[in-house]
Amino acid sequence: MKRSLLTISLVIMALAAMGQSLLTPETLAKREKRKNLTVKEWNTDSSTKTRWLDHLTVYDSQGRKIEEIEYATYGQRQRVTYEYDEATGKVTKEVVYNDRNKPVRIRRYEWNENGTKAKQYNYLPNGKLYTIKVFEYIFND
């Protein structure tokens with residue numbers, strides 16, 4: 001197991017050093033299936049048989065999630081939009097909107113060379129930075 005993890009880590013670092021995309025064949029296959037896709041999830045109340053849109057996810061021409069909306073019976077509960085780095089394909093920015101479609105939180109991301117998340121910067125809607133989350137990866141033997 002240790003040897004497999006070490007081998008995978010070395011391959012990822014080598015690809016990153018060569019400037020290659022860190023997207024696996026599985027990820028690329030999933031993205032291919034999601035190109036220009038919109039997924040609607042419907043919910044139905046078992047007693048009243050009332051049906052409402054529960055969730056909506058939109059993917060772009062490259063199969064990347066660009067918008068996700070969560071609904072309640074009264075309408076939109078929350079919406080999140082995503083922006084990506086064209087070179088790496090990694091999410092660089094998320095904007096979270098409330099039920100009135102007003103931005104409430106902005107997240108920006110930094111990534112390590114091996115494709116793992118390094119930092120998450122959390123901003124208020126006015127652009128003021130309020131927290132920084134740092135990711136630490138510890139491999140246990």
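Two strands count as paired if DSSP finds at least two bridges between them. Keep that in mind for the first part of this talk. The model on the screen is a predicted one, and residue numbers start from 1 along the chain.

I will begin with strand β2, residues 51–59. Five bridges join β2 to strand β3, residues 65–72, and the two run antiparallel. The definition asks for at least two bridges, so with five between them β2 and β3 count as a pair. Within this pairing, Leu56 stands opposite Ile69 of β3. The hairpin of β2 and β3 has five residues between the strands, and there Gly63 takes a positive phi near 80 degrees.

Now the other partner. Strand β1, residues 38–44, also pairs with β2, again in the antiparallel sense, over seven bridges. One residue pair to look up here is Trp42 with its bridge partner in β2, Leu53. So how covered is β2 itself? Strand β2 is mostly covered, with seven of its nine residues buried. As background, side chains in a regular strand alternate between the two faces of the sheet.

Next, the loops around β1. The hairpin of β1 and β2 has six residues between the strands. Lys49 is found in that loop, and its phi is near 65 degrees, a positive value in a residue other than glycine. Lys49 has a relative accessible area of 59%, over the 50% cut-off, so it is exposed.

On the other side of β1, the loop between α2, residues 25–34, and β1 holds Asn36. Phi of Asn36 is near 55 degrees, which is positive, and Asn36 is not a glycine either. Asn36 counts as exposed because its relative accessibility is 59% and the cut-off is 50%.

Let me move to the aromatic residues. How many aromatic pairs does the structure hold? There is one aromatic pair. Its members are Tyr109 and Trp111, 6.4 Å centre to centre, with 45 degrees between the planes, and the pair is tilted. Tyr109 is at 10% relative accessibility, under the 20% cut-off, so Tyr109 counts as buried. Trp111 has a relative accessible area of 29%, so Trp111 is partly exposed.

Trp111 has a charged neighbour as well: Lys90 lies over the face of Trp111, at 4.8 Å from the ring centre. Elsewhere in the list of charges over rings is Arg79, whose charged end sits over the ring of Tyr97, 4.1 Å from the centre of that ring.

The last stop is Thr131. Thr131 is found in strand β8, residues 129–134. Is Thr131 buried, exposed or partly exposed? Its relative accessible area is 34%, so Thr131 is partly exposed. Which residues does Thr131 touch, leaving aside its neighbours within four places in sequence? They are Gln120, Tyr121 and Asn122. With Asn122 there is a polar contact of 2.8 Å between the side chains. As for Tyr121, it is 10 residues from Thr131 along the chain, and their C-alpha atoms are separated by 6.2 Å.

To go over it once more: β2 pairs with β1 over seven bridges and with β3 over five. Tyr109 and Trp111 form a tilted aromatic pair, and Lys90 lies over the face of Trp111. In β8, Thr131 has a side-chain polar contact with Asn122.

Terms used: Predicted model: local features only at pLDDT ≥ 70, side-chain atom pairs only at ≥ 80, totals over all residues. Heavy atoms only, no water. Helix = DSSP H or I, 4+ residues; strand = E, 2+ residues; numbered from the N terminus. Buried < 20%, exposed > 50% of the residue type's maximum accessible area, 1.4 Å probe, protein only. Contact = heavy atoms within 4.5 Å. Polar contact = N/O pair within 3.5 Å; in protein donor to acceptor, adjacent residues only side chain to side chain. Phe/Tyr/Trp six-rings, centres within 6.5 Å; stacked < 30°, edge-to-face > 60°. Lys NZ or Arg CZ within 6 Å of the ring centre and 35° of its normal.
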